[in-house]
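Let's walk through this structure together, one element at a time. Keep the viewer open as you read.

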Amino acid sequence: MSCENAQERISLLLDGRLPAAERENVLTHADACRECGSTLASLQGQRALLRKMAQVPVPEVVAARLSVLASHERERQLARVNIGERLRRTAANIDLVFENLMRPVALPVTGGLLSTLLLFGLMMPSLSFSHQNGGYDFSTAPQGSLVANPWDLGADDDARDFPIIFASPDQAKSDYVNIVNLTIDESGRVADWSIVRGQVTDEMKDIILFSHFVPATTFGVRTSGTIQVRQSLPPCKYTSCSATVRG
Amino acid sequence: MATSILDLSAPKTLDGAESDDLRLVESLRAGAAPAYEELLSRFQQPVYALALRLLDDPSESADVVQEVFLKVFRNIGAFRAQSSLKTWIYRITVNEAHNARRWFFRHRRREVELDSEPEEARNWKDVIPDGCISPFDAAFEREQHVMIEAALEKLSPIFREAVVLRDITDMSYEEIAEVLGVSLGTVKSRILRGREALRAELAGSLKDRPAPRLVPKTAE
């Protein structure tokens, strides 16, 4: 056997792939030929070294990643096999997505709601609302035109004879002794007053202090207005009254 | 002499292994938890070792191993048992390693590793000395491994795959033919040429090294 033939067969010899007769021939040649013997020996050593390299430990990180992967894939496989499992998995996914979506919002929303309630609870006593005052109310049309309501001081018949009226500031005022301009705020209270003529009588002071008016409105929105209180010479009969609130 | 290392044992009967494979595959299809554990315990180490020897990059090999098992789990339904489970998984590994190598050459060839010192990159547990073997043996073995890894890296990927599958993974010629999708004759040729090339590389690397200088010294 030539060296070339022997060297081609050494690899197969190492792997046990040669028939018995051929194997004997190669081994005999390797014993006799120094170069082929050396090749056989070096290939044996090389193979033994390579075998040792198979014992590589799997890093812990890789093993952990593979375990997680296997777990996920098993869940997936189960979902594919079983409809109930698939539904459960879908529900779990929806639940997870919903939780992830709501969790960041839940705390601020709850906090905002509670603080709003607390704030309104604290502010409620100090909030004032307009009081309805029955027959003393005055009202205006949206553009501030005059709407007259009867002046009624109550059940006291004597008081009805008191000659006091409410009028528009631009109406004629020659017949009256005491005239006072009242500024009515949005809530219908007297915010300010000024004497146009004469003096402020006690009756007028009562009106300033205790009367409540329907405020003027502009396009349905409450606004401040002016009203004039006129009084003829006392004492005389009360007359019916009218009022103007100018927006 | 030479006969002592020859693999003359009779070919193993595959019936037991095949039935094991089928049982494992059926359990995997049913989603049984122990089957997933068994698959990992049987194959994660050899697959990692194969990927590592084919790629010579631990992080790249870890990614390849993960990709391989992902494919195995997802395609287990398509496994028709025309080859053994081992061959099927190894074929996936070789293909994935091939893809990773191609991707590496396209994208990451010019990257420079910042952490070029492997000793520093290791976990502290890995650098604690092992009491089982002497430091000399450990150093010698590591040196040998480094030499072989360097020589393997210089081989053509075609020969490297054949040599690794035969000599490291210890697969038969028929299994290698199935894994690589080539004929038996091609496998024999690749193994022969691969071994020769590896031997030449190793011989060359030994020749290039400076001879150790041993200075005799009397013990005091």
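In chain A of this predicted model, strand E2 (residues 178-184) and strand E6 (residues 225-231) pair in the antiparallel sense over seven bridges. Pairing here requires at least two DSSP bridges between two strands, and strands (E, at least two residues) and helices (H or I, at least four residues) are DSSP runs numbered from the N terminus. E2(A) also pairs with strand E3 (residues 190-197) of chain A, again in the antiparallel sense, over six bridges. Here are two of the facing residues to look for:

| Residue in E2(A) | Opposite residue | Strand of the opposite residue |
|---|---|---|
| Asn178(A) | Gln231(A) | E6(A) |
| Thr183(A) | Asp192(A) | E3(A) |

Between E2(A) and E3(A), which form a hairpin, there are five residues. In that turn, Gly188(A) has a positive phi of about 90°.

Which side chains of E2(A) point to the buried face? They are those of Asn178(A), Val180(A), Leu182(A) and Ile184(A), whereas Ile179(A), Asn181(A) and Thr183(A) point to the other face and are not buried. A residue is called buried if 20 or more other C-beta atoms, placed from the backbone, lie within 10 Å of its own. In a regular strand, side chains alternate between the two faces of the sheet.

Now for the helices at the start of chain A. The axes of helix H1 (residues 3-14) and helix H2 (residues 20-32) come within 10 Å and cross at roughly 120°. Axes are lines fitted to C-alpha atoms over the stretch in contact, with angles from 0 to 180 degrees between N-to-C directions. H1(A) is therefore oblique to H2(A), the class left for angles that are not under 35 degrees (roughly parallel), over 145 (roughly antiparallel) or 65 to 115 (roughly perpendicular).

On the H1(A) side, Ala6(A), Arg9(A), Ile10(A) and Leu13(A) meet Glu22(A), Arg23(A), Val26(A), His29(A) and Ala30(A) of H2(A). Contact means C-beta atoms, placed from the backbone, within 7 Å. By class, this contact has five nonpolar, one polar and three charged residues.

Stepping back, chain A has six helices and six strands, and 22% of its 247 residues are buried.

In chain B, the buried residues of helix H8 (residues 173-180) are Glu175(B), Ile176(B), Ala177(B), Glu178(B) and Val179(B). Gly181(B) follows H8(B) and has a positive phi, near 70°.

Residues are numbered from 1 along each chain as its sequence is written, while chains are lettered from A and ligands numbered from 1 in the order in which they are written. As this is a predicted model, local features need pLDDT of at least 70 and side-chain atom pairs count only at pLDDT 80 or more, while totals for chains, interfaces and linings use all residues.

Notes
A residue is buried if 20 or more other C-beta atoms lie within 10 Å of its own, exposed if 12 or fewer, and partly exposed in between; C-beta atoms are placed from the backbone. Two residues are in contact if their C-beta atoms, placed from the backbone, lie within 7 Å. Ala, Val, Leu, Ile, Met, Phe, Trp, Tyr, Cys and Pro count as nonpolar, Asp, Glu, Lys and Arg as charged, and the others, Gly among them, as polar.
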